[in-house]
Amino acid sequence: MKFLCIDCDTQMTFEDRQQPGDGTFAASFACPTCGRRVAMLANPMETQLVSTLGVEIGGRTLDEQPLEFTRKAVAGRDDAFAEDSSPTAPRAPRPVWSSDAEERLTRVPGFVRGMVKKIYSDYARDRSIAEITPAIMDRAREELGLEGM
Amino acid sequence: MNHRTYFDVEGDDRSALGAQVGRQRARVTERLRDVQRVVAIVSGKGGVGKSYVTVALARALARRSAVVGVLDADLQSPTVARLLGAAGPLRVADEAVHPASGNDGILVVSTDLLLDDGRPLAWRTTAGETHVWRGAAEAGVLREFLGDVAWGTLDVLLVDMPPDTGRLADLATLVPQKLSAIAVTIPSDESARSVHRALSAARDVSVPVLGIVENMSGYSCGTCDTIGPLFTGNAGTRLAAAFDVPLLTRIPFVARGASNTWLPAALVDAIAPPIAHRPPATE
């Protein structure tokens, strides 16, 4: 898709995209001639339609990861995938979640909650941590740079 | 309004959604470069034993020293991982997901390996109107199962299809060169009608059909060689004649002593020619 500034008859350039976490999508474009800016705002269904195609408005900035769409979209097991380790290699048991940590997890938007839970679970398993508590979540967030999770 | 339209504006389309989709297709082609053939097991209806035939065929081929992969395209009712004894987690390394290893070294990818036990295929989203995008989402998973999994060098990749006929068209779009199909039916007239639709769907998307398997074709108690009646009808013969393809085999329902590794040699031979250079493995 292209955006045209009708007044200037000039193609607008892509500036930025945002996914605020409520299932919607925003992309902004600017006219290089007059500077006018517009934002394209997509509702959750429209956003989901684009997402299911495995494409990104504005073009890809990062290489597609293996099973990227499936891993984002399918609500499945936390331990369905093992990053860079042998599937037969012994791993620490799956950690349990304290009630406080579970409660905190409910504040994460539903559509990314599974992925966030997996990140914390993997963090704990990799360090043989048996129970995930809010303190462990804080530590993981700081070490892994998970602001807002 | 009087302004230029998409093709009038000559500047780059930075989103280039068509090009992104094209790269996805190229990724599938590249990933399957060393897969000799892809065979879809179809029926157009449930309950005829597609998964049984898929698993039995995979094991029979593997025991002839073929390198076999099984992709479970029945995303909502996956069964082959369990039938083949394959378990997760799936290893992610070298920019690919590596398939699980099942019985006889058969490589397996299935949503069964991703879902919690007893839970249906569900989507992480706040978007409503699921019916609008669910088909595209399932096609996306199928595409990634083909293009993002390190299948490596395979003699054959068997694809256990869902009962509906639409998924074969998705598969034909993604794997246009190497794809063929085997149709499974039971003897009944009702099955013949459904499988006829599936075969028509295969013909519509130019997928060659290797033949028909008539499953549950009679009943065996498992203790003697007698095959008694089970269903009325001769769907296998009728479908083979209607589509001018061979009836590869009839498989009886065996009450006791059944093995999911047994298949008539004729069926295995239908797939086996590309791997005939290998000596059969000892049972």
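**A three-stranded sheet and a shared chain contact**

In this predicted model, strands E3, E4 and E5 of chain A form an open antiparallel sheet in the order E3-E4-E5 (strands, E, are DSSP runs of at least two residues and helices, H or I, of at least four, numbered from the N terminus; two strands pair if DSSP finds at least two bridges between them). Strand E3 (13-18) and strand E5 (37-42) of chain A lie at the edges with a single partner strand each, so one side of each has no neighbour in the sheet. Strand E4 (residues 25-30) of chain A joins E5(A) through six antiparallel bridges, and Ser28(A) has Ala39(A) as its bridge partner there.

Chain A as a whole holds five helices and eight strands, which follow one another from the N terminus as β-β-β-β-β-α-α-β-β-α-α-β-α.

Now to the meeting of the two chains. The contact draws 44 residues from chain A and 43 residues from chain B (contact: C-beta atoms, placed from the backbone, within 7 Å). On the side of chain B that touches chain A, H4(B) gives the largest share, with seven residues. Pairing also crosses between the chains: strand E6 (residues 81-83) of chain A runs parallel to E3(B) over three bridges, with Glu83(A) opposite Val92(B).

Residues are numbered from 1 along each chain as its sequence is written, while chains are lettered from A and ligands numbered from 1 in the order in which they are written. Local features need pLDDT of at least 70 and side-chain atom pairs count only at pLDDT 80 or more, whereas totals for chains, interfaces and linings use all residues.

Note on methods. Two residues are in contact if their C-beta atoms, placed from the backbone, lie within 7 Å.
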